2 protein chains.
Amino acid sequence: MELHQLRYFCAVAETGSFSRAAEQSHVAQPSLSQQIIKLEEELGARLFDRLGRSVRLTELGKIFLPRARAVLRELEAAKGDVVERKDFVGGPVTVGVIPTVGPYFLPRVLTSFSRKFPQVRFTVVEEITPVLLDRLRAGAIDVAILALPIRGHEFETKPLLTERLFAALPKNHRLAKRTALSLRDLRSEPFLLLRDGHCFRDTAVAACDRARLHPQVIFESGQFSSLLSMVGAGMGVSIVPEMAVERKSQCRYVHIADEQATRTIGTVVLRGRSLTRAHQAFLSHLHRD
Amino acid sequence: MELHQLRYFCAVAETGSFSRAAEQSHVAQPSLSQQIIKLEEELGARLFDRLGRSVRLTELGKIFLPRARAVLRELEAAKGDVVERKDFVGGPVTVGVIPTVGPYFLPRVLTSFSRKFPQVRFTVVEEITPVLLDRLRAGAIDVAILALPIRGHEFETKPLLTERLFAALPKNHRLAKRTALSLRDLRSEPFLLLRDGHCFRDTAVAACDRARLHPQVIFESGQFSSLLSMVGAGMGVSIVPEMAVERKSQCRYVHIADEQATRTIGTVVLRGRSLTRAHQAFLSHLHRD
DNA sequence: ACGATGGATAGGCATAGCCTATGGAGCTCC
DNA sequence: GGAGCTCCATAGGCTATGCCTATCCATCGT
């Protein structure tokens with residue numbers, strides 16, 4: 001049983017004539033006749049009585065007609081649904097973000113995007129980079145925002161912004177009034193850093209390495225705000241990205257002028273994964289500058 | 001969009017693999033791939049993400065899946081409905097019958113048939129022959145029971161029974177004690193006959209013609225029982241078919257022995273019209289002897 | 001690095017649906 | 001009542017399309 005057979009059948013039922021049905025269906029009358037006959041053979045029953053002049057549905061034909069129409073109606077609904085939704089910017093979007101970006105960057109972007117596309121429902125997952133990448137692979141996350149570069153060519157990355165790093169110092173620190181410094185200037189300071197696993201810890205440590213600095217870490221935490229409180233209390237110094245700089249904290253922030261003392265944030269999606277219009281719109285909203 | 005494409009799509013969605021879906025669908029994997037691609041092209045959107053190892057539904061695929069299933073479900077329902085009902089003896093049957101047969105013959109047949117096939121719902125139309133034939137042509141009547149022969153080769157007729165004709169005489173009539181008579185014996189009698197239009201009137205008149213008898217008709221009616229009451233009252237004589245003979249009436253009935261003084265009842269259906277199992281069963285019930 | 005797995009691509013083939021021409025039955029009109 | 005028309009069925013040929021095998025290419029696991 002094929003769809004065009006059902007269409008022909010309905011056309012004959014509607015027009016009451018094979019010829020008119022053929023015309024309406026844009027096929028030759030014999031073609032339509034053949035298909036109706038085939039359909040009848042498959043069902044094992046006549047659907048029409050051919051009575052010289054007129055063609056009439058048999059009892060079984062009358063039963064079959066609404067069912068055939070239902071099939072075609074469902075088909076149109078299926079087609080229409082997809083065609084309609086494929087250009088619709090809406091539905092669920094799950095964004096993954098690393099903790100050192102989440103609180104500083106996402107809220108602003110999400111609110112401005114939601115104003116433009118209120119139909120899009122966001123879910124935000126805040127996890128460290130390797131977890132986010134796993135979730136991307138599994139399809140649990142649509143877009144991730146994290147520090148580049150990352151390894152794995154199954155991902156498509158695109159840089160969003162590169163920010164400078166800052167030294168967070170107690171207010172009364174000897175370097176607090178400087179407008180810039182080098183990591184080497186922090187040679188003898190006790191360090192407060194993020195816990196292992198956070199990629200910004202790696203960024204900071206790598207910068208230190210390049211400066212031949214082996215920081216003495218006296219405190220570790222999972223979020224900047226804890227570190228900065230401790231710094232404000234005079235326990236030591238820390239390194240933070242620009243977006244984590246708190247204007248009205250107890251700390252002073254001095255730009256670290258070392259070469260490559262930066263962090264690049266970018267978007268990551270799974271390569272080969274098809275994106276909805278909502279995903280695409282969100283991505284281009286992020287990269288809109 | 002074709003049905004096999006929907007089937008393939010569902011198979012891939014279920015198995016999560018083109019290869020397994022192809023196997024399950026009994027086609028080669030490339031064939032299935034091609035059809036999925038065609039489907040995606042027609043919809044203008046990817047339905048699956050091909051991610052090296054695994055295949056996953058896209059957002060649109062997830063939307064499309066239940067709709068595709070709905071189409072296939074409707075299709076199966078349509079097929080099943082017809083296949084189920086085509087062997088089912090039930091549903092409506094409309095029987096047409098002429099007035100001179102209706103009250104004597106049908107009740108007995110309908111009750112015995114309904115005992116066998118209680119699912120069949122009967123509608124009985126009692127009309128004169130030309131009306132019944134029109135209704136047959138229009139499909140408003142499925143089977144007609146009337147006097148043969150009829151004209152028109154668009155009908156299929158089959159004789160049911162041939163009955164003798166009887167003279168209906170008042171009790172004290174001079175011929176009332178005879179066991180048989182000839183129409184010529186009624187030469188001088190006043191006749192009571194059915195109204196024009198009733199085919200049995202034609203049957204009676206034709207029999208009289210053959211007997212060179214030109215009856216003086218003093219009363220006409222649409223039903224035998226009226227005629228027979230009048231005959232019982234001594235107003236004249238009449239001619240009735242065997243099935244109209246009333247055992248406990250005021251009349252005497254004497255067999256008319258003339259050649260061809262008979263009436264043949266038969267079934268009529270529209271040639272080329274397909275009959276349901278209920279129609280077929282009813283016809284063979286009628287002709288069961 | 002290698003083979004195994006899984007999907008896409010290429011090219012050939014056969015079927016199936018479409019076409020035109022024609023047949024045959026029924027209806028209309030002169 | 002016969003000629004012509006209408007309408008569905010049949011016949012025969014053509015083409016498109018879906019299927020096949022062989023092969024390619026990327027990924028994944030050993």
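These legends accompany close-up views of a predicted model.

**View 1. Protein residues around DNA strand C.** This view shows the surface near DNA strand C. In the predicted model, 20 residues surround this strand. The closest are A:A28, A:K38, B:S19, B:S33 and B:R50. Look next at which part of the strand faces the protein. Sugar and phosphate make up 68% of the atoms of DNA strand C that come within 4 Å of the protein. The surface near this strand has ten polar, seven nonpolar and three charged residues.

**View 2. Helices that build the surface near DNA strand C.** Both chains take part. Chain A brings α1 (3-15) and α3 (29-43), while chain B brings α2 (18-25) and α3 (29-43). Each of these helices supplies at least two residues. Which helix gives the most to this surface? It is α3(A), with five residues.

**View 3. Polar contacts with DNA strand C.** Three side chains are picked out here. In B:S33, a side-chain N or O atom is 2.6 Å from a phosphate oxygen of DNA strand C. A polar side-chain atom of A:S31 lies 3.0 Å from a phosphate oxygen of the strand. A:Q35 meets another kind of atom: an N or O atom of its side chain is 3.5 Å from a sugar or linking oxygen of DNA strand C.

**View 4. Protein residues around DNA strand D.** Now turn to DNA strand D. It is surrounded by 21 residues. A:S19, A:R50, B:Y8, B:A28 and B:K38 are the closest. Of the strand's atoms within 4 Å of the protein, 70% belong to sugar or phosphate, and the rest belong to bases. The nearby surface divides into ten polar, eight nonpolar and three charged residues. Which helices supply at least two residues each? From chain A they are α2 (18-25) and α3; from chain B they are α1 (3-15) and α3.

**View 5. Polar contacts with DNA strand D.** Three side chains reach phosphate oxygens of this strand. A polar side-chain atom of A:S19 lies 2.3 Å from one phosphate oxygen. For A:S33, the distance from a polar side-chain atom to a phosphate oxygen is 2.7 Å. For B:Y8, the matching distance is 2.6 Å.

**View 6. Helix α6 of chain B and the residue after it.** Helix α6 of chain B covers residues 129-138. B:T129, B:L132, B:L133 and B:L136 are buried. Why do these residues line one face of the helix? Seen down the axis of α6(B), the buried residues fall within an arc of 100°, so they share one face. Just after the helix comes B:G139, which takes a positive phi of about 80°.

**View 7. The domains of chain A.** Chain A is divided into three parts: domain 1 (3-86), domain 2 (91-160 + 265-286) and domain 3 (162-263). The C-alpha centres of domain 2 and domain 3 of chain A lie 27 Å apart. Each of these two domains gives ten residues to the contact between them.

**View 8. A:P190 and its surroundings.** A:P190 is found in strand β8 (residues 190-194) of chain A. Is A:P190 buried, partly exposed or exposed? A:P190 is partly exposed, because its relative accessible area is 23%, and partly exposed runs from 20% to 50%. Leaving out residues up to four places away in sequence, A:P190 touches A:Q216, A:I218, A:M235, A:G236 and A:V237. A:F219 is 29 residues from A:P190 in sequence. In space, their C-alpha atoms are 8.8 Å apart.

Technical notes
Residues numbered from 1 in each chain as written. Chains lettered and ligands numbered in written order. Heavy atoms only, no water. Buried < 20%, exposed > 50% of the residue type's maximum accessible area, 1.4 Å probe, protein only. Helix = DSSP H or I, 4+ residues; strand = E, 2+ residues; numbered from the N terminus. Arc of directions from axis to C-beta. Near = heavy atom within 4 Å. Polar contact = N/O pair within 3.5 Å; in protein donor to acceptor, adjacent residues only side chain to side chain. Nonpolar A, V, L, I, M, F, W, Y, C, P; charged D, E, K, R; others polar. Domains from an automatic or database assignment. Contact = heavy atoms within 4.5 Å.
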